[in-house]
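Reader: Could you take me closely through the part of this model where the ligand sits, and then work outward through the elements and loops that you can describe with some confidence?

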Amino acid sequence: MLEENLKKVQENIRIACEKVGRDPSEVTLIAVSKTKPVETLQEAYDLGVRVFGENKVQELDKKIDALPEDISWHMIGHLQRNKVKYIAGRVDLIHSVDSFRLAEEINIQAKKRGTVIPILIEVNVAEEDSKFGVRVEDTEELVRQVAELDGVSIRGLMTIAPYVVDSEENREIFHKIKDLSIDIAAKNIDNVSMDILSMGMTGDYMVAIEEGATMVRVGTGIFGERNYNI
Ligand SMILES: *Cc1c(COP(=O)(O)O)cnc(C)c1O
């Protein structure tokens, strides 16, 4: 089941890339393993998966300890400032930075560890549908503020599109954040790169890739439905 799902997703990534003339190596598949037990992640690891995304600090912490060291862990969920210390230096990318205060805390924790933590700025492109993320019109200002912190390095933007039945409905959202990332990249702000665009989930990752995603976050499509009651 897992193996077939994974192959299917990888194949879809190839198809989406081909459609718009992109090289599949430009797109990183993040296996979103939240709520799934360590054994399932190990199974995915044995099939070659090395990039996992989680959205809860405690769960992430536990899984990092239990699984092989060559895994690249990504924090993709909303992050509270008081929990940054538990994951600082343990994850390769924090996708969900949407305030200066959160970035400041990441900066403090990075400095304590003598490291620089790569982050993405989460943008709420769809506005009414998500309570997290900075508004499109406020993004450049936040990027400029965060860029002053030398313990964090902005690598790009992330967005969560709404759940839709027809993935085409999200095309405009993906297009809009791609445009925003091009605009910000053109400003050549010190300590800011716009190389990463994290967008697209199980329902819409192919459209996201067509619109320029460099990271897609796929959970259900790989691991099946989540059961939050266990
Ligand atoms: C859960 C989650 C995903 C994966 O969602 P699926 O629809 O299961 O692929 C992607 N991104 C974020 C931020 C998530 O919380």
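Author: In this predicted model, the ligand is surrounded by V32, K34, I76, I160, M201, T202, R217, V218, G219, T220 and R226. Three of these residues place a nitrogen or oxygen atom at a short listed distance from an oxygen atom of the ligand: the side chain of K34 does so at 2.6 Å, the side chain of T220 at 2.5 Å, and G219, through a backbone N or O atom, at 2.8 Å. Taken alone the ligand exposes 390 Å², of which the protein buries 89%.

From T220 one can step to helix α2, since the residues 220-223 form α9, and α9 is among the elements against which the buried residues of α2 pack. Helix α2 covers residues 38-46, and within it L41, A44 and Y45 are buried. Seen down the axis of α2, these buried residues fall within an arc of 105°, so they line one face of the helix. An α-helix has 3.6 residues a turn, so residues three or four places apart point the same way. Besides α9, the buried residues of α2 pack against α1 (2-20), β2 (51-54), α3 (57-66) and β3 (72-75). The face of α2 turned away from this buried side carries E39 and D46, which are exposed. Helix α2 is followed by G48, whose phi is positive, near 110°.

Helix α7 can be read in a similar manner. Its 16 residues, 171-186, should span 22 Å at 1.5 Å a residue, and its end C-alpha atoms are 23 Å apart, which agrees. In α7 the buried residues are I173, F174, I177, L180, S181 and I184. They cover an arc of only 120° around the axis, which puts them on the same side of α7. These buried residues pack against α6 (136-146), β6 (152-158), β7 (192-198) and α8 (205-210), while E172 and A186, on the other side of α7, are exposed. After α7 comes N188, which has a positive phi, near 50°.

Two loop residues deserve a closer look, and the one leading into α7 comes to hand at once. N170 lies in the loop between β6 and α7, and with a relative accessible area of 1% N170 is buried, because the limit for that term is under 20%. The side chain of N170 makes a polar contact of 2.9 Å with the side chain of D204, and a polar atom of the N170 side chain also lies 3.0 Å from the backbone oxygen of P162. Leaving aside neighbours within four places in sequence, N170 is in contact with A161, P162, V164 and D204.

The other loop residue is A213, whose place is between α8 and β8 (215-218). A213 has 0% relative accessibility and therefore counts as buried. With neighbours within four places in sequence left aside, A213 is in contact with R22, V27, L197, M199 and A208. A213 and S198 are 15 residues apart in sequence, yet their C-alpha atoms are 5.9 Å apart in space.

Note on methods. Residues numbered from 1 in each chain as written. Predicted model: local features only at pLDDT ≥ 70, side-chain atom pairs only at ≥ 80, totals over all residues. Heavy atoms only, no water. Helix = DSSP H or I, 4+ residues; strand = E, 2+ residues; numbered from the N terminus. Expected span 1.5 Å × (residues − 1). Buried < 20%, exposed > 50% of the residue type's maximum accessible area, 1.4 Å probe, protein only. Arc of directions from axis to C-beta. Contact = heavy atoms within 4.5 Å. Near = heavy atom within 4 Å. Polar contact = N/O pair within 3.5 Å; in protein donor to acceptor, adjacent residues only side chain to side chain. Areas by Shrake-Rupley, 256 points an atom, 1.4 Å probe, with all protein chains shown as cover.
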